[in-house]
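Me: I'd like to learn how to read a fold like this one, feature by feature. Can you take me through it?

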Amino acid sequence: MDLKLEVLVLPVSDVDRAKAFYQGVGFRLDADHVTDENYRVVHLTPPGSPCSILIGAGVTTALPGSVRGLHLVVSDIEKARAELVDRGIEVGDIFHDTSEMFHRCTGEARVTGLDPQRRDYCSYASFSDPDGNEWVLQDVPSRASQAES
């Protein structure tokens, strides 16, 4: 049985502000459905992703800005970071973690710059939406070469 992750619900305080932010990042607007002032569903999808996000009013009881560590995999982190900065998104510096596999959420063992060997899954950059929900770009260069094959 396949279990496909399709939608992540993000808690936001201002739906219109969040919608504008995610469209500014480059997410495609799939739906914006308003039932009444207490219930609104906005569905957006990152470019190239089969998984979408859902923001709105009356869709979650989670605190706005409480989501951390959502990963967006990119084949060229320097290019992806530059494109986001060009779109006006505040993105942190590229970093890697000396733990050699995944980054720690605390920043412990974090070093500025690309992973020295440019290994897949080892270089990152982060940004947050206006409420503080955190996104992490994760560099996986092999996906670009696999797509070319």
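Reply: Sure. Start with a cut-off: a residue is buried when its relative accessible area is under 20%. Keep in mind that this is a predicted model. Now try the cut-off on β5, where the side chains alternate. L70, L72 and V74 point to one face and are buried, while H71 and V73 point to the other face and are not.

Me: Which strand pairs with β5 in the parallel sense?

Reply: That's β9, and the two pair over 5 bridges. You can follow individual partners along it: V73 is bridged to Q138 in β9, and V74 has D139 as its partner there.

Me: What about the pairing between β8 and β9, parallel or antiparallel?

Reply: Antiparallel, with 5 bridges joining them. One to look for is A125, whose bridge partner in β9 is L137. As for cover, 5 of the 6 residues of β9 are buried.

Me: How many residues sit between the strands in the hairpin of β8 and β9?

Reply: There are 5, and among the hairpin's residues G132 takes a positive phi near 105 degrees. D131 is also in the loop between β8 and β9. The side chain of D131 makes a polar contact with the side chain of R17, at 3.1 Å. Beyond its sequence neighbours within four places, D131 is in contact with P11, V12, S13, D14, R17, P64 and G65.

Me: How should I read a positive phi when the residue isn't glycine?

Reply: Most residues other than glycine have a negative phi, so a positive one deserves a second look. Here you can check R118, with phi near 55 degrees, and Y121, with phi near 70 degrees. R118 lies in the loop between β7 and β8, and Y121 is placed in that loop between β7 and β8 too.

Me: Why does R118 count as partly exposed?

Reply: Because its relative accessibility is 32%, and the partly exposed class runs between 20% and 50%. Y121 is partly exposed as well, since its relative accessible area is 33%.

Me: And Y22, where is that placed?

Reply: In helix α1, which covers residues 15-25. Y22 is buried because its relative accessible area is 0%. Setting aside residues up to four places away in sequence, Y22 touches L10, F27, L44, I53, D129, N133 and W135. For a sense of distance, Y22 and K4 are 18 residues apart in sequence and 23 Å apart in space, C-alpha to C-alpha.

Me: How do people find the empty space in a model?

Reply: Rolling a probe the size of a water molecule over the atoms shows where empty space is left. In this structure the largest pocket has a volume of about 720 Å³. It is lined by 28 residues, and the closest to its centre are P46, P47, L72, V73 and V74. The elements that give two or more residues to the lining are β4, β5, α2, β9 and α3.

Me: Which element gives the most to that lining?

Reply: β5 does, with 5 residues.

Me: How do the lining residues of the largest pocket divide by type?

Reply: They come out as 17 nonpolar, 6 polar and 5 charged. If you want one strand to revisit, pick β5: its side chains alternate between two faces, it pairs with β9, and it gives the most to the pocket lining.

Key. Residues numbered from 1 in each chain as written. Predicted model: local features only at pLDDT ≥ 70, side-chain atom pairs only at ≥ 80, totals over all residues. Heavy atoms only, no water. Helix = DSSP H or I, 4+ residues; strand = E, 2+ residues; numbered from the N terminus. Buried < 20%, exposed > 50% of the residue type's maximum accessible area, 1.4 Å probe, protein only. Contact = heavy atoms within 4.5 Å. 1 Å grid on protein atoms, 1.4 Å probe; cavity = no way out; pocket = protein on both sides within 12 Å on 5 of 7 lines; lining within 4 Å. Points joined across faces, edges and corners; volume = space filled by probe spheres on them. Nonpolar A, V, L, I, M, F, W, Y, C, P; charged D, E, K, R; others polar. Polar contact = N/O pair within 3.5 Å; in protein donor to acceptor, adjacent residues only side chain to side chain. Pairing = 2+ DSSP bridges.
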